[in-house]
Amino acid sequence: MDQESLDAVQDVTVGRMSFVRVRMFGPDHPFEAMDSYTGDVSRIGEVVLDVVDGRWEPAFEASLAHPVGDLLVMERVILEPPWRGLGLGLGLGPVLAGAAIRRLSQDCVAVAYEPGSADGRESTEGQHREAAAKLSRVWERIGFAPFQDGVRILDCHLQRPQDLLAERQEEFNALCRAWREHHQP
């Protein structure tokens with residue numbers, strides 16, 4: 001970009017997202033790779049993988065439409081406080097995460113996550129359960145469904161999650177149009 005274009009751009013931090021792609025047919029043992037990443041990713045690996053041989057856990061495999069491909073783990077989606085609760089009443093987090101999932105999930109069997117507090121706030125067990133329940137309802141908006149032990153999955157080969165992700169993308173586009181209209185001179 002030239003300097004005039006750079007001067008016209010304003011960097012605004014909305015939040016941050018972290019996704020981990022687990023290669024099921026790569027050179028590394030999938031669970032060992034997940035275990036070396038973070039505790040949250042390792043915990044998901046314990047639920048969806050046979051930790052000894054690195055293949056899908058039978059119940060996970062049985063829950064998928066087509067269990068061949070990689071696993072995408074949605075590790076963190078954290079919005080900065082001023083951006084929380086925005087997004088046409090549906091939440092900006094699912095809109096942005098949905099766009100990321102659409103881009104990152106090619107050749108994946110599923111996206112997995114475990115709801116929890118990702119912003120470092122201390123909470124009681126009751127507050128944690130309440131936050132996890134609320135986050136579960138939020139992420140249902142893009143197709144996540146309960147699996148086991150608190151882990152939720154989005155099956156990348158089902159039409160319904162694809163439709164929900166497309167709806168969230170349309171909401172994101174509408175949000176962008178509304179923002180531009182509001183901020184145009």
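# A tour from the S1–S2 pairing outward

Start by selecting Phe 19 and Met 74: Met 74, in S2, is the bridge partner of Phe 19. Before going on, note that this is a predicted model, where local features need pLDDT of at least 70, side-chain atom pairs count only at pLDDT 80 or more, and totals for chains, interfaces and linings use all residues. Residues are numbered from 1 along each chain as its sequence is written, and side-chain values use heavy atoms, with hydrogens and water left out.

**Stop 1: the strands**

Widen the selection to S1 and S2, which pair in the antiparallel sense over eight bridges. Here strands (E, at least two residues) and helices (H or I, at least four) are DSSP runs, numbered from the N terminus, and two strands pair if DSSP finds at least two bridges between them. Now add S3: S2 and S3 pair in the parallel sense over four bridges, and Leu 71 has Ala 110 in S3 as its bridge partner. S2 is mostly covered, with eight of its 10 residues buried. Buried means under 20% relative accessible area, exposed over 50%, and partly exposed in between (1.4 Å probe, protein chains only).

**Stop 2: Ser 18**

Stay in strand S1 and pick Ser 18. Is Ser 18 buried or exposed? Ser 18 counts as buried, because its relative accessibility is 19%. Its side chain makes a polar contact with the side chain of Glu 75 at 2.8 Å. A polar contact is a pair of N or O atoms within 3.5 Å; within protein, one must be able to donate a hydrogen and the other to accept it, and residues adjacent in sequence count only if both atoms are side-chain atoms.

**Stop 3: the cores**

Next, show Met 34, Val 48, Phe 60, Leu 71 and Val 73, the residues with the most contacts inside the largest nonpolar core, which has 21 residues. Strand S1 (15–22), helix H2 (30–37), helix H3 (39–48), strand S2 (70–79), strand S3 (108–113) and strand S5 (151–155) each supply at least two residues of this core. H3 gives the largest share, four residues. A second, separate core of 15 residues includes Phe 19, Met 74, Ala 100 and Cys 156. A nonpolar core is a set of buried Ala, Val, Leu, Ile, Met, Phe, Trp, Tyr and Cys residues joined through side-chain atoms within 4.5 Å.

**Stop 4: Ser 105**

Move to the loop between helix H5 (92–104) and S3, and select Ser 105. Ser 105 is buried, because its relative accessible area is 11%. Its side chain reaches the backbone oxygen of Ile 101 at 2.7 Å.

**Stop 5: salt bridges**

How many salt bridges does a search of the whole structure find? The search finds seven, a salt bridge being a side-chain nitrogen of Lys or Arg within 4 Å of a carboxyl oxygen of Asp or Glu. Select Asp 70 and Arg 21, whose closest N and O atoms are 3.0 Å apart in a salt bridge. This pair links distant parts of the chain, with Asp 70 in strand S2 and Arg 21 in strand S1, 49 residues apart. Asp 70 is buried at 8% relative accessible area, whereas Arg 21 counts as partly exposed at 28%.

Then select Arg 43 and Glu 114, a salt bridge with its closest N and O atoms 3.2 Å apart. Arg 43 sits in helix H3 and Glu 114 in the loop between S3 and helix H6 (125–140), 71 residues apart.

Finish with Asp 53 and Arg 55, whose side chains meet in a salt bridge (2.8 Å, N to O).
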